[in-house]
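Student: Please take a close look at the surroundings of a ligand and go through them slowly. I would like to know which residues are there and which atoms meet.

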Amino acid sequence: MVAKSLLALSFGAAVVLGQESCPGYSASNVQQTGSGLTADLTLAGEACNAYGTDLPNLTLTVEYQSDDRLHVLIADQDQAVYQVPNDVFPRPGSSGDASTNSSSLRFTYTDSPFSFAVARADGETLFNTSGTPLVFESQYLNLRTSLPENPNLYGLGEHTDPFRLNTTNYTRTIWNRDAYGIPAGTNLYGAHPVYIDHRGASGTHGVILLNSNGIEVKINDTAGQYLEYNALGGVFDFYFLAGPSPVETAQQIAQVVGMPANIPFGGLGFHQCRYGYRDVYEVAGVVHNYSAAGIPLETMWTDIDYMYSRWIMTLDPERYPLPLVRELVDYLHQHQQKYTVMVDPATAYQPGGDYGAFNDGVQQDVFLKNASGDLYVGVVWPGPTVFPDWFAPQTQPYWDDQFNSFFSAESGVDIDYLWIDMNEAANFCNYPCSDPFGYAEENDLPPEPPAVRNSSPIALPGFPPEFQPPSSSAKLRLRRQDGAGSMMGLPGRDLIDPPYSIQNAAGSLSNKTLDTDLIHYNGLAEYDTHNLYGTMMSNHSRNAMLSRRPQDRPLVITRSTFLGAGTYVGHWLGDNISDWPHYRISIAQMLAFSSIFQVPMVGSDVCGFGGNVTEALCARWTMLGAFYPFYRNHNELGSISQEAYRWESVAESARRAIDIRYRMLDYFYTAFYEQTVNGTPSLNPMVFLYPEDAKTFAIDLQFFFGSSVLISPVTEENGTSVDVYLPNDIFYDWNNGFSPVQGSGQTVSLEDVDFKTIPIHIRGGTILPLRSQSANTTTELRKQSFQIVVAPGQDGTANGSLYLDDGLSLEQAATSYISFTWDGSMFSMSGTYGYEAGVNISTITVLGASSQPQSVTSNGADLSATYNSTTKVIDVEVNIALTGDASVNFGQVATFRGAAPSAASTNVLLLALSVVTASAMCLLGSW
Ligand SMILES: *[C@@H]1O[C@H](CO)[C@@H](O)[C@H](O)[C@H]1NC(C)=O
Ligand SMILES: *[C@@H]1O[C@H](CO)[C@@H](O)[C@H](O)[C@H]1NC(C)=O
Ligand SMILES: *[C@@H]1O[C@H](CO)[C@@H](O)[C@H](O)[C@H]1NC(C)=O
Ligand SMILES: *[C@@H]1O[C@H](CO)[C@@H](O)[C@H](O)[C@H]1NC(C)=O
Ligand SMILES: *[C@@H]1O[C@H](CO)[C@@H](O)[C@H](O)[C@H]1NC(C)=O
Ligand SMILES: *[C@@H]1O[C@H](CO)[C@@H](O)[C@H](O)[C@H]1NC(C)=O
């Protein structure tokens, strides 16, 4: 209790005191097992009880799970302490043949005071807890690892701090929170206690702490560089991943948190949403306006505006009457477009009425309850609300029923994709929310809906003529339908105000969310499981989407996430603001989700959610967003309209950016598919592809879309230039006819980047399958032929791949996976060819060629080739079916230091030199 009372005096001092005065543990009874060891850890002295009571007896379990993964679990011997349930986070298995000897990691320990270290077989120490005692208390865990100076650490999110984390006086709080404006340095919507530590030539590794309690990670360089975990409960459940490259580390993370779910091809199309479309006519008008502006719109979205009084699973009968919504959805489907709406977990508290979602839930006992057995009531959009308890087994069938009825293809709102929000869970009412009814009333919840149109709807040319004004007989669509325990956490804890306070930006743990002393249906406390709520809703919602369309791959976009969420859903990065800092930080955020957290379907609201965007920012953002995996324009009620057609410059930037994105869509879909198979990131921070180039370590304003396409957006307000770092490698400038650019490991300034242009460079050594032209929808896009772009690397060779499937089905009857190679003179493809693409390769384009090839042949037949001596590009017309292996021989064509005959090699070198000069000039703005 001494330390606890000191807390009041000095927060920082108490932490140090807590540690120094705590006795630590000693290890005994060490047993070697086939795959590691176990030991007893016993409290090594007088309990310090710094923030709870010290647990006297712990168990250490060390398991070499594969040659590159080590599992270290420190838990209470009684197994009474809460652990993340296996059915929420399925544990990775052990590969079986892993052992101490074959592993590339080494676990060592000191028995008293107990500490442990993890090193690579080559001797590099990755993690070392010696120096501070391990603290394991009823409501507080503390463990510190020393690190090398100035470490390159990434992850520990969700956050809006730099991609490479600060290392001095830095706190990362992990406690999911409704975080309007996504402020830097605070806890946001997702809980991903995983980091990557990159040490240049000494390799990269990853560390996952599987713990869903509130966590504060402190990174500091006083008393040496360290990283320290402070957790409010749970156990130390570590996975150490050996790397040694960043990409391998990402793959190893995926092996633990689960391979991400694949998405429908159409999900990669362009999406439009906003909060505040006052009725179905306005939504229809937006669809029409996109069409009229010639901007491809794949999916139209509707925010909570569609609901009656913000009640989930209802329609506003006057503004969004069912027949008209169905007509809109039919219209979209007939035009190969899609429809998506938002669903929140918070369900209007409406006892005694005929609100189906509420009545069914009460009858089936799916809502969270207070200790008294009464429904727990908070306040969200509809006013007083109840919240589904995802731990109750009956909640899944309940949720399925709600979806099958409200989102029925025959009689309901036949959505294609789903958006789930407010699932941290958000609660507007401050803790303690003793009077939710009063709070709702004071805060005008639900808000007054906009006035109903009293005249005929605005004329919408092109919209179905049978579109009728709402009939006065339309009724509120309410459903009436009949319907339907160890490691639970230590007793006696203070589940509301734990002795240790994490720096939750919402204040106390329960503020603006569910009360942390709520006990779930299965006995688990919200205190322990808060960070799981959004991911459990994700899982249930994905299942519910599958129950209504069992054949289709779901696309569900959630706000709140935990480790492993990517196996079910994608994520949008929440309520950002329409300003330049948020435009810039979106890159670091999406890189963290895609390349570290394994939630690769990710993006920020294009043009920003809160506040009013400027034309210039919206033009730039629309181009940057074209290289987010999840590409959606969305904004807030009360902000100015920001659909891409609102300004001619933005419309033009949208048309051009979508054109490029769509031509690259199969290339990106292939990268995404590869991530679902083995965790290889589909977006790459520069450090991932140039891990030994120290200048890349902190870059988070440039990134690779896939592993071949470098995106370098303009990042300054009203700027038309951008500083671009090009590693020492060969690139090809998309915006300059694919001209070669030799990177020199320097930052160069690209000038005159107008508001319709985003700098794009193809990395040498890669082959891109592009569609030869874009289309208005992804369905039409898939009818276009392919153009294969060969971008030779510094050694003259290149390779790439193309994955093809129907883009829709959960289970694919037949897929194709084709590998492309370029050896310097020959283009070859080989692979499996199950999927009938229905289109051929129509062009092969070879970049960086020094001359026109003398002949290009395939199966002995001459093909016609054109050569552009300015851009150094060869285009060859071909007609190659995607049904079998093929090759095209370019003979003696020289590309950069290519595998060309020796007579040509002088020329090649000269060419390389001349291009260096030319590209330097180009980058200096002379071209
Ligand atoms: C801890 O272990 C010791 C030695 O096995 C035993 O005597 C003691 O009762 C245990 N304490 C608790 C609280 O389980
Ligand atoms: C970093 O260390 C300094 C000096 O001990 C301390 O004042 C500060 O609170 C520490 N910061 C964090 C985030 O732990
Ligand atoms: C550490 O950061 C906190 C806030 O983030 C600040 O108040 C404090 O002054 C900083 N301490 C040092 C030693 O820099
Ligand atoms: C991280 O470091 C940068 C640069 O020193 C600083 O501006 C920023 O405030 C720091 N962020 C946090 C959350 O400490
Ligand atoms: C809850 O949040 C509100 C709004 O930010 C704040 O004013 C209040 O002090 C917080 N209450 C607690 C108990 O943290
Ligand atoms: C955005 O513009 C609207 C309309 O001009 C205005 O009412 C609103 O206050 C503006 N919002 C902000 C945050 O400036």
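Tutor: In this predicted model, ligand 6 has N612, G638 and I640 around it. The side chain of N612 places an N or O atom 2.3 Å from an oxygen atom of ligand 6. A polar contact is a pair of N or O atoms within 3.5 Å, and the distance of 2.3 Å at N612 is therefore within that cut-off. On its own, ligand 6 has 360 Å² of accessible area, and the protein covers 29% of this.

Ligand 2 can be read in the same way. The residues that surround ligand 2 are N169, Y170, T171, K218, N220 and T222. By type, the shell around ligand 2 consists of one nonpolar, four polar and one charged residue. Y170 is the nonpolar one and K218 the charged one, because Tyr counts as nonpolar and Lys as charged.

Now the atoms. N169 has a polar side-chain atom 2.7 Å from a nitrogen atom of ligand 2. In the side chain of N220, an N or O atom is 2.4 Å from an oxygen atom of ligand 2. T222 also takes part, with a polar side-chain atom 3.0 Å from an oxygen atom of ligand 2. Of the 360 Å² of accessible area that ligand 2 has on its own, 55% is covered by the protein. Two elements, β11 (170-174) and β14 (215-220), give two or more residues each to the shell around ligand 2. Y170 and T171 fall within β11, while K218 and N220 fall within β14.

Technical notes:
Residues are numbered from 1 along each chain as its sequence is written. Chains are lettered from A and ligands numbered from 1 in the order in which they are written. This is a predicted model: local features need pLDDT of at least 70, side-chain atom pairs count only at pLDDT 80 or more; totals for chains, interfaces and linings use all residues. Side-chain values use heavy atoms; hydrogens and water are left out. A residue is near a molecule or strand if one of its heavy atoms lies within 4 Å of it. A polar contact is a pair of N or O atoms within 3.5 Å; within protein, one must be able to donate a hydrogen and the other to accept it, and residues adjacent in sequence count only if both atoms are side-chain atoms. Accessible areas come from the Shrake-Rupley method with a 1.4 Å probe; for residues, only the protein chains shown count as cover. Helices (H or I, at least four residues) and strands (E, at least two) are DSSP runs, numbered from the N terminus.
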